[in-house]
Amino acid sequence: TILLISIFYFIFGGRTYFHASDYAKLIQVNEEQFTSDVKTVDVDTLPIVDKAYGEKLGSLKLGEYPGIGSEFAIGAYSDIIYQNKQYLVAPLEYRGLFKWLNNKTDGTPGYIMIDKVTAETTLVNLKENSGEGLRFTPSAFFDQDLVRHTYLNGGYRYQLEQMFFEIDDSGHPYYVLQYSLPTIFINGGRDIVTIAVLDAIDGEVTFYEPSEVPDWIESVYPSELLLTQLSYWGSLQDGWLNCVFTQRGVLRPSNGKRTIMNDGQLYYFTGLTSAGSDESTVGFVYMNTRTKDTLLFQFSGATENAAMKKALTLLPQNNISTSFPIPINVSDTPTYFIAIKGDDGRILRYVFMSV
């Protein structure tokens with residue numbers, strides 16, 4: 001009997017219905033004023049490139065280098081701040097085992113950089129410049145496999161949440177791996193406890209506390225983890241029973257997010273709606289990608305999805321789509337900035353819409 005109770009408690013002991021208040025406190029949300037904390041927009045610095053458009057631009061740039069494109073593919077894009085500007089960066093990855101075998105000594109050529117404001121796209125060819133490329137990547141094999149290499153150098157003690165490609169202030173390439181452990185009971189409420197920074201060229205691995213990472217690193221907390229914690233905060237403030245049954249005061253994040261820059265720092269942006277409401281927002285949430293500091297700006301208005309649907313009615317054209325909105329401050333008025341795109345990914349119009 002004791003054994004069965006122990007097994008039951010080990011499996012279910014860390015669940016939200018036993019620790020609702022602890023889950024609600026995984027993230028601290030501070031209410032602020034949108035017009036004072038979100039800087040007034042400068043239209044010349046609005047980021048027009050989202051990741052979907054960035055993938056299109058990156059593919060076009062790689063197509064200019066057929067010799068490189070035949071052996072390497074573009075990996076996942078990361079949002080970074082480089083020399084005080086917003087960029088998307090993505091590593092060049094191997095196109096399979098045989099491409100790795102042919103290039104494992106020198107590595108992949110380098111990475112793609114996209115200025116999110118001007119859409120200028122650059123292929124940074126490290127092998128051409130210095131003779132050394134990215135040897136440790138997710139698409140490499142055996143001892144150069146990024147995850148395996150980090151695991152064997154200390155990562156085995158933690159659970160890998162996510163990894164991002166980043167560059168430092170000199171353009172040197174790294175991978176940032178975010179590791180977590182349970183913080184509630186023995187199996188619940190996971191949170192980031194350490195960050196591994198791996199040099200993509202020589203494979204050196206350094207572990208940091210989340211609060212002690214180098215200044216050039218933005219990707220300390222993954223968006224999926226913070227959105228999950230935000231969901232716990234919005235739903236479990238008054239207990240698990242209220243969340244499931246009466247749902248008094250229950251809030252939930254929007255079905256989307258965007259990485260934005262405010263006052264020189266990156267944030268994950270999403271909206272908040274009341275339980276059961278699909279068209280009306282109760283405010284915006286900014287979650288700092290580096291510190292986890294979370295800001296809530298409360299005001300009523302249209303949700304991001306409602307704004308996207310409204311934007312599509314402005315062009316009498318089929319096969320168009322929109323980017324997920326960016327919230328901006330226009331003359332102390334919360335405003336959505338939305339790009340309308342054609343079916344080929346080209347941006348057709350920009351829309352400014354009052355929330």
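Guide: Welcome! Helices (H or I, at least four residues) and strands (E, at least two) are DSSP runs, numbered from the N terminus. This is a predicted model, where local features need pLDDT of at least 70, side-chain atom pairs count only at pLDDT 80 or more, and totals for chains, interfaces and linings use all residues. Residues are numbered from 1 along each chain as its sequence is written, and side-chain values use heavy atoms, with hydrogens and water left out.

Visitor: How many helices and strands does the protein have?

Guide: Happy to help. Counting those runs, the secondary structure of the protein comes to 11 helices and 19 strands.

Visitor: What is the radius of gyration of the protein?

Guide: This radius is taken over C-alpha atoms, and the globule rule is 2.2 Å times the number of residues to the power 0.38. For 355 residues the rule gives 20 Å, and the protein comes close to that, so it is as compact as a globular protein of that length. Its radius of gyration is 22 Å.

Visitor: Is Leu230 buried or exposed?

Guide: Leu230 sits in helix α9 (residues 223–235). Buried means under 20% relative accessible area, exposed over 50%, and partly exposed in between (1.4 Å probe, protein chains only). Because its relative accessibility is 0%, Leu230 counts as buried.

Visitor: What share of the residues of the protein count as buried?

Guide: The cut-off is again under 20% relative accessible area. Of the 355 residues, the buried share is 52%.

Visitor: Where is Asp106 found?

Guide: Asp106 has 40% relative accessibility, so it counts as partly exposed. Its place is the loop between α6 (97–103) and β5 (110–115).
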